[in-house]
2 protein chains.
Amino acid sequence: MKRDAFDTWSLDELDAVESALDAWVPVDAPSGLGEAMRYAVLDGGKRLRPLLVLAAARAVRGAREAALRAACAVELIHAYSLVHDDLPCMDNDVLRRGKPTVHVRFGVAQAMLAGDAMQALAFEVLTPALGAVDAALQARLCGLLARAAGGAGMAGGQAIDLASVGLTLDEHALSDMHRRKTGALLQASVLMGAACGTTTPAQWQALAAYGQAIGLAFQVVDDILDVTQASATLGKTAGKDLDDNKPTYVSVLGLDAARRRADELRFAARAAIAASDLVHTQNLLVLADRVVDRES
Amino acid sequence: MKRDAFDTWSLDELDAVESALDAWVPVDAPSGLGEAMRYAVLDGGKRLRPLLVLAAARAVRGAREAALRAACAVELIHAYSLVHDDLPCMDNDVLRRGKPTVHVRFGVAQAMLAGDAMQALAFEVLTPALGAVDAALQARLCGLLARAAGGAGMAGGQAIDLASVGLTLDEHALSDMHRRKTGALLQASVLMGAACGTTTPAQWQALAAYGQAIGLAFQVVDDILDVTQASATLGKTAGKDLDDNKPTYVSVLGLDAARRRADELRFAARAAIAASDLVHTQNLLVLADRVVDRES
């Protein structure tokens, strides 16, 4: 029953995000750049980050236009990171969301430029002219996103990842890497949604704790799926981390303990929300389940 | 006499920019990322863009903290674009500012990540917490910078550049490429400085016209220097565009006509400022000369 309400909400929101991305990712960026950007971001992905933004915004009765822009901006940063991560100098992956990766389709240089332009576009989307979004909120959203994407966040996590190939990391070091690499942007999704409305400090803390737990749970599950699922289900090359000799939660903890860890994090995320006085949190709670129970 | 006042001003400002970049480019980004970022941005470059920001800010009595942040943010975008532009998949250049390029020193993957993190850092620098910069101005600066850096600006120009190797472009097509590739960020430098203060629409237009002319002049002179100067003077590989079979103002117009074009643009830039009712414009006027008269 509650799942049905979530499905209705999420399908509507996914439509809104898809339409907005279609409108905002330029058709007319020159010399094939727009085509590469649209290939990288449209018609693909689970849109988990946009849903987190919009679920958090709903919990705080956030401004709609701002939340939709934040949702798309976060997805643009995520999509750009995948394009760069797939490049030959990084993971050298040829399959993403069941399609050839951007550099396979458009060449390495164009893929790098498309990623660069997508990062800039995220901040363009957050800074509309003509008062569509309150200026102070624009600044707040840009600040949250930039810090999640930068050297202390996603890019920093990727640098650790790069340096960790073939190394043995303990769970603490692995968590630090993922807290930055994927966790920072997932948590920022929740906080950007929260910034679109009004929160008490306790509510903000609850959403931050939820976002942090979700962020880590996502990566634990990613590592589990990498060893338990086929490439066709994942839409990307399965077993890649193992082949690349990268430390994962499965290689560090073992499969059973990794599954328990994911459940603990799901519980922590739900508990943070449940202990708060936020209302309209049903979508956040379901998203915590979806992150852990997903099969791809 | 006036040149002396400019030199005093610019040396002070360059010190301020260098100190600010040193403080804001993180030492502690993990796994060598911070080191690569600092290598890419500190102790190098003419800092033309920061000087344009600060000269424009002075002409409009702009807020100091905002202008200094804008100056550093623009330089971070410029420096990241050089790191990515030098990569093997793009220009494959090994020498920059007289030093090995970032990917030669730190590897291709780290260089790409450093560039990515530097773009994010530009927006971090523009969005300080605690009210150091008015929130509406933060949003304005983020918007101007993102649009100059993105698909319609710098990244778009690089895509045209990539697609133009071996092609014959006419001057119009060449100008379109450079208006985006280097012109957009140079013009944004002027406008971001202008945004730090109060301007009439006519003053804003004058600064925009100045910025556009300077932006194009810069590239015309770049193309001239590429064929007239030695690598040691330039601090990068001379004759590279010619070797790479890239269209340049010299290959399209010839050397003499390119020199005349640079002078026309210098005159247009100075005329735009002179026709306005802006005061404290001396530094902008000298910068127009410096852009055209430079030897590296």
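**Exercise 1.** Which residue of chain A comes closest to the rotation axis?

*Solution.* The model is predicted; local features need pLDDT of at least 70, side-chain atom pairs count only at pLDDT 80 or more, and totals for chains, interfaces and linings use all residues. Residues are numbered from 1 along each chain as its sequence is written, while chains are lettered from A and ligands numbered from 1 in the order in which they are written.

Step 1. A turn of 180° with a shift of 0.0 Å along the axis lays chain A on chain B with an RMSD of 0.0 Å (superposed by least squares on the C-alpha atoms of residues with pLDDT of at least 70 in both copies).
Step 2. The two copies are thus related as by a two-fold rotation axis.
Step 3. The residue of chain A closest to this axis is A:A139, at 2.3 Å (C-alpha).

**Exercise 2.** Find how α4(A) and α7(A) pack, and at what angle.

*Solution.* Step 1. Helices are DSSP runs of H or I with at least four residues, numbered from the N terminus; here they are α4 (residues 64-85) and α7 (residues 135-149) of chain A.
Step 2. Their axes lie 11 Å apart, at an angle of about 20°. Axes are lines fitted to C-alpha atoms over the stretch in contact, and angles run from 0 to 180 degrees between N-to-C directions.
Step 3. α4(A) and α7(A) are therefore roughly parallel (angles under 35 degrees).
Step 4. Among the residues that meet are A:A66 and A:I77 in α4(A), and A:L137 and A:A149 in α7(A); contact requires C-beta atoms, placed from the backbone, within 7 Å.

Technical notes:
Helix = DSSP H or I, 4+ residues; strand = E, 2+ residues; numbered from the N terminus. Parallel < 35°, antiparallel > 145°, perpendicular 65-115°, else oblique. Contact = placed C-beta atoms within 7 Å.
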